[in-house]
Amino acid sequence: PSYGPIFKMRRHGKNGKVIYVYKMRTMHAYSEYIQQYVYEKNKLAEGGKLKDDFRVSTLGRLFRKYWIDELPMIYNLLRGDLKIVGVRPLSSHYLSLYDEDLRELRLRHKPGLIPPFYADLPKTIEEIQASERRYLESYEKNPILTDLKYMFRVGYNILFRHARSK
């Protein structure tokens, strides 16, 4: 744990390898350690984020809205921990909410910076899992075409449908 403006989060990468993803701080320090408590107390909101998450700071909400908090992840992209399009790297707790077969499918692939979430805009955890499964199964058949298709769909949703983080 650190108090700095940029910190690293322990996440699962390809083949279950632990990677450290860098982000700008949007939550109070030590928030990662109470993730399970917040989940058990509040469950998930529409879109898969934790509902009524008191850990997010006021400045953090602004950073998340405009994805400023994601900028340090470019370092992970350059290091090769992430690819441009792909399922997001998840914490152990969030990954445990997924179906076993989808967990295994996710861990066979390198996580990405731009998630398929923004192409489909799912609302529930079940819809998020279905969205990721569709992406991963399509990616296994044709990686380049799938990533291009998703990149354009995500771009359209962000620019014209105003898809944003909350």
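Which residues does Asp99 touch, not counting residues up to four places away in sequence? The exercises below address this and related points.

The structure is a predicted model, in which local features need pLDDT of at least 70, side-chain atom pairs count only at pLDDT 80 or more, and totals for chains, interfaces and linings use all residues. Residues are numbered from 1 along each chain as its sequence is written, and side-chain values use heavy atoms, with hydrogens and water left out.

**Exercise 1. Describe the surroundings of Asp99.**

Solution.
- Step 1: Asp99 touches Gln129 and Arg133, when residues up to four places away in sequence are not counted; contact means heavy atoms within 4.5 Å.
- Step 2: Asp99 is placed in the loop between α4 and α5. Helices (H or I, at least four residues) and strands (E, at least two) are DSSP runs, numbered from the N terminus.
- Step 3: The relative accessibility of Asp99 is 40%, so this residue counts as partly exposed. The classes are buried, under 20% relative accessible area, exposed, over 50%, and partly exposed, in between (1.4 Å probe, protein chains only).
- Step 4: Asp99 and Leu59 are 40 residues apart along the chain, and their C-alpha atoms are separated by 34 Å.

**Exercise 2. Characterise the overall fold of the chain.**

Solution.
- Step 1: Count the elements: there are 8 helices and 4 strands.
- Step 2: Read their order from the N terminus, which is β-β-α-α-α-β-α-α-β-α-α-α.
- Step 3: Compare the radius of gyration with the globule rule. The chain has a value of 15 Å, close to the 15 Å that the rule gives for 166 residues, and is therefore as compact as a globular protein of that length. The radius is taken over C-alpha atoms, and the rule is 2.2 Å times the number of residues to the power 0.38.
- Step 4: Along the principal axes, the C-alpha trace spans about 40 × 35 × 30 Å.
- Step 5: Examine the contacts between residues at least 6 apart in sequence: 66% of these join residues at least 24 apart.

**Exercise 3. Summarise the surface and the charges.**

Solution.
- Step 1: Of the 166 residues, 43% count as buried.
- Step 2: The accessible surface of the chain comes to about 9,700 Å², and 58% of it belongs to carbon and sulfur atoms. Such areas come from the Shrake-Rupley method with a 1.4 Å probe; for residues, only the protein chains shown count as cover.
- Step 3: The chain carries 31 positive and 19 negative charges, whose mean positions are 5 Å apart. Lys and Arg count as positive and Asp and Glu as negative, while His and the chain ends are not counted. The place of a charge is NZ of Lys, CZ of Arg, CG of Asp or CD of Glu.

**Exercise 4. Identify the largest nonpolar core and its contributors.**

Solution.
- Step 1: The largest nonpolar core has 22 residues, and those with the most contacts inside it are Leu44, Tyr94, Tyr98, Tyr135 and Leu136. A nonpolar core is a set of buried Ala, Val, Leu, Ile, Met, Phe, Trp, Tyr and Cys residues joined through side-chain atoms within 4.5 Å.
- Step 2: At least two residues of this core come from each of α1 (35-42), α4 (92-96), α5 (100-107), α6 (117-120), α7 (125-141) and α8 (143-160).
- Step 3: The helix that gives the most to this core is α7, with 5 residues.
- Step 4: Beyond four places in sequence, Leu44 touches Tyr39, Lys49, Leu50, Lys51, Tyr94 and Ile125.

**Exercise 5. Compare Arg11, Val21 and Tyr22 in the strands.**

Solution.
- Step 1: Arg11 belongs to strand β1 (residues 6-12), and its relative accessible area of 9% means that Arg11 is buried.
- Step 2: Val21 belongs to strand β2 (residues 18-24) and is buried, with a relative accessible area of 1%.
- Step 3: Neighbours within four places in sequence aside, the contacts of Arg11 include Val21 and Pro89; Val21 in turn touches residues including Arg11, Met73 and Pro89.
- Step 4: Tyr22 is also in strand β2 but is partly exposed, with a relative accessible area of 22%. Among the residues that Tyr22 touches, not counting those up to four places away in sequence, are Phe7, Pro72 and Tyr75.

**Exercise 6. Locate the residues with positive phi that are not glycine.**

Solution.
- Step 1: Trp67 has a phi near 60° and sits in the loop between α2 (58-65) and α3 (73-79).
- Step 2: Leu121 has a positive phi of about 55° and sits in the loop between α6 and α7.
- Step 3: Leu121 counts as partly exposed, at 23% relative accessibility.
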